[in-house]
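User: Please take a close look at one part of this structure and go through it step by step. I am a first-year student, so plain wording would help.

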Amino acid sequence: MTPSLSLPLAALNIGLPDVLQSGILQYGFMQRAMTAGVLTGVLCAVVGVFVVHRGLSFMGAGISHASFGGVALGAWLGVNPLAGALVFCLLVAWSIGWISLKTQVREDTAIGIFFASTMALGILLVGYSPPLQRELLAYLFGSILSVSVDDLVFISLAGGLVLALLGWFGKELLFTIFDPDGAVVAGIPANRYYFLLITLVTFTLVISIKVAGIVLVPALLVTPAAAASQLSERFGIILLLSTLFGLAATLGGLVLSYLFNTPSGATIVLLITFLFLLASLVARLRK
Amino acid sequence: MSPTVTPVDIRDLTVTLGGLAVLDNVSLTIAQGEFLALLGPNGAGKSTLLKVIGGLLTPDSGSVRVFGREPGRPGTNPVGYMPQAGAINPRFPISARGVVMMGRYPALGPGRYPRSADRAAVAQALSAVGAENLATKPLAKLSGGQRQRVFLARALVNNPDLLLLDEPTAGMDTQAVEQFYSLIRGLRDQGKAVVVVSHDIGVVAPQVDRVACLNRRLVAHGLPGQVLDQHVLESMYGCDAMLFTHGDHPHMVVNRHK
Ligand SMILES: Nc1ncnc2c1ncn2[C@@H]1O[C@H](COP(=O)(O)OP(=O)(O)OP(=O)(O)O)[C@@H](O)[C@H]1O
Ligand SMILES: [Mg+2]
C-alpha cells in the first residue's frame, strides 16, 4: 500500500491516439483506479449527506488534515502509514467529539486546534522519515493510478462496513442529526450516534486518501452532498443525487485526467466543484 | 398502564446551568389523566424543567422519576416531546410525514424500516392535528404554525402516556388552538398526563386541571381558579398583574415593571 507518483506519470505518457484506439480500461492500473473511484466516490457521497446536514463539513476537513499527522506517525513508527492514519484520526475525532459535548469549548474551536497541531506534528515527523518524503505529494494530493489490489481489498472491506452500519443505523442517525433533543426524549441516545457518525466519517476519509489525498478528500465528502442538497428537499433523493454526482466526478475526473494528462485527484475535485456550481445555477433558475 | 405508577414525580429538584441556579428546589408531581399548564416569565426555567423530565438535562440535586424510572428511559411508557419552536433547523430536507415518522423509530429499533402499520399511525397523527394535507410537503415549505402542528403530530404518533409540550400553540391560528385543546382534553380523558408550557394564561387557564407557576422556584401549584390570583402573578412576574374575567376567558393585564 505504498503510493507513488512514478507509476501514474509513466502511464500518462501514452499518446492520445493509442487511448482512443485501445480504450483506457485495457490497463490494469486504470481498471483498479476506476474501481477505487467508484467505491470511494459512492462512499464519500453517501456519508457526506449526513455530514453536510449535521454541520460536520469542517470536522471532515479537520479529520482529513489530522491524517497527515497519522501518516507521518505511522511512517516514523514503521507501521503502515494508512493504518497509522486511521488509529490517529479516530483518536482525534473522538477527542474533538468529547470536547464539544463535555466542555465549554465549541466543536469548531476544538477542530481548529487539532487541525493545525496535527499538521504541525506531521511536518515535524516527515523530517525523520525519508521514504515518506518521497511519497509526500501522493499522500497530500492522491495517487489513484497507483491503487493496488491490496488497496482495493482494504477499500471494499472498510467501505462496505461503513455502508452496512449506515444502512443499519440510518434512521437513528437521521433522527439524531435532525433533532438530537427529540431523539433523546424518545429513547435514542443522540450522543452515541454522534460518535458513531464521526467514526464513520473518519473511516471514509482515511479510505479515500489514496484516491484524492489528504488535502483534497474533504471535497469528495462535502461537495457532492452540497450539490445534491441544492436540487431537492428530500433526504432520500439527496442521497441518490449525491451518489450520482460522486460517481460522475470520480469516473469523469479519471477519464479527463487520462485524456489531458492532468493530476487525477485535482481533476476529480475540480469536476465535482463544477457540478456543484452547475447545481447551484439550476437551483437558482428553478426559483 | 399500571394505576400505581405516577407519570412524573419530582422532589427537591435543583438545576444549575452556567453557574446559575435555573431551577431551585422544585417539587412537583403529575398524575395520570392530569393536564398541567406550566406558566412563568421568560427565563423562568419552564423549558429546563421539561428537559429534565425528558432526560435531556441531569439534575444537580433532587430526584426525578418518570413512570418510576430515570428520565430518558421511556421503557413501556412512551413520552411525547415537542421542543420549543426554533430548536430545530427548519430547512432540513425532510417531509412533514418524515418528521412524524421519526416518532416511530425508537419502537422499530435499528435495522428495521417503517411498515404499513407505521405509515397508518403517521397518517392518523397528522389528521388528528388537522395536517393531513401537509403530509408530503417539505419542512422548509411549511409556515411556523404548520410546523408546530407537525411536531405535535410527532409527539402523538407513538400514543404516549406522557406528553411534554413546550409552547405548542405558539404561531397556531385560533382554529388550530381550539383543535389543539380539544385534542389534548381527549387524551387527558384517556388517562394520559399532559404538560403544556404557555404564555397565554388567559387561553390556557380554563382548559387545564392544574397550573404550576414557575420562576426558578415553584411559586404556586394547584387548581387554576385557586392559584391564579394577584399575589401569585405578582410574585411570578415580579410586577403588578391582574387577571380579569371577561365572559368565559380570563385576561391578564400586566402593569409596568417595578
Ligand atoms: N445551556 C445553558 N447555559 C446557561 N444558562 C442557560 C442555558 N440554558 C438556559 N439557561 C438559562 O436558564 C434560564 C431558564 O431557561 P429556560 O429556557 O428554561 O426558560 P423558559 O422559562 O423556558 O423561558 P422562555 O419563556 O423564554 O422559553 C434562563 O435564564 C437561561 O438564560
Ligand atoms: Mg422556554
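Analyst: B:Phe67 sits in the loop of chain B that runs between strand S4 (61-66) and S5. The model is predicted, and every value below is computed from it. The phi angle of B:Phe67 is positive, about 50°, although the residue is not a glycine. That deserves a remark because most residues other than glycine have a negative phi. B:Phe67 counts as buried because its relative accessible area is 4%, and the cut-off for buried is under 20%.

A second residue of chain B can be set beside it. B:Asp12 also has a positive phi, near 50°, and is likewise a residue other than glycine. Its place is not a loop but strand S1 (residues 8-17) of chain B. Is B:Asp12 buried or partly exposed? B:Asp12 is partly exposed, because its relative accessibility is 44%, and partly exposed covers the range between under 20% and over 50%.

The loop that follows S5 leads to the metal site. The magnesium ion, ligand 2, is coordinated by two atoms, OG of B:Ser47 and OE1 of B:Gln84, at 2.0 to 2.3 Å. These two residues come from distant parts of the chain, 37 residues apart. B:Ser47 belongs to helix H1 (residues 46-54) of chain B, while B:Gln84 lies in the loop between strand S5 (79-82) and helix H2 (96-102). B:Gln84 counts as partly exposed because its relative accessibility is 31%.

B:Ser47 appears again at ligand 1. There are 14 residues around ligand 1, and those that come nearest are B:Asn42, B:Gly43, B:Lys46, B:Ser47 and B:Thr48. Three of the side chains can be described by a distance between an N or O atom of their own and an oxygen atom of ligand 1. For B:Ser47 this distance is 2.7 Å. For B:Lys46 it is 2.7 Å. For B:Asn42 it is 2.9 Å. Ligand 1 taken alone exposes 640 Å², and the protein buries 59% of that.

Which helix gives the most to the shell around ligand 1? H1(B) does, with three residues. By type, the residues of the shell are four nonpolar, eight polar and two charged.

Helix H2 of chain B, where the loop holding B:Gln84 ends, contains B:Gly98. B:Gly98 is buried because its relative accessible area is 16%, and buried means under 20%. From the C-alpha atom of B:Gly98 to that of B:Thr16 the separation is 35 Å, and the two residues are 82 residues apart along the chain.

In short, chain B has a buried B:Phe67 with a positive phi, a magnesium ion held by B:Ser47 and B:Gln84, and a ligand 1 whose nearest residues include B:Ser47.

Methods:
Residues are numbered from 1 along each chain as its sequence is written. Chains are lettered from A and ligands numbered from 1 in the order in which they are written. This is a predicted model: local features need pLDDT of at least 70, side-chain atom pairs count only at pLDDT 80 or more; totals for chains, interfaces and linings use all residues. Side-chain values use heavy atoms; hydrogens and water are left out. Donors are N, O and S atoms within 2.8 Å of the metal (3.2 Å for Na, K and Ca); water is not among the atoms, so sites may look incomplete. Helices (H or I, at least four residues) and strands (E, at least two) are DSSP runs, numbered from the N terminus. Buried means under 20% relative accessible area, exposed over 50%, partly exposed in between (1.4 Å probe, protein chains only). A residue is near a molecule or strand if one of its heavy atoms lies within 4 Å of it. A polar contact is a pair of N or O atoms within 3.5 Å; within protein, one must be able to donate a hydrogen and the other to accept it, and residues adjacent in sequence count only if both atoms are side-chain atoms. Accessible areas come from the Shrake-Rupley method with a 1.4 Å probe; for residues, only the protein chains shown count as cover. Ala, Val, Leu, Ile, Met, Phe, Trp, Tyr, Cys and Pro count as nonpolar, Asp, Glu, Lys and Arg as charged, and the others, Gly among them, as polar.
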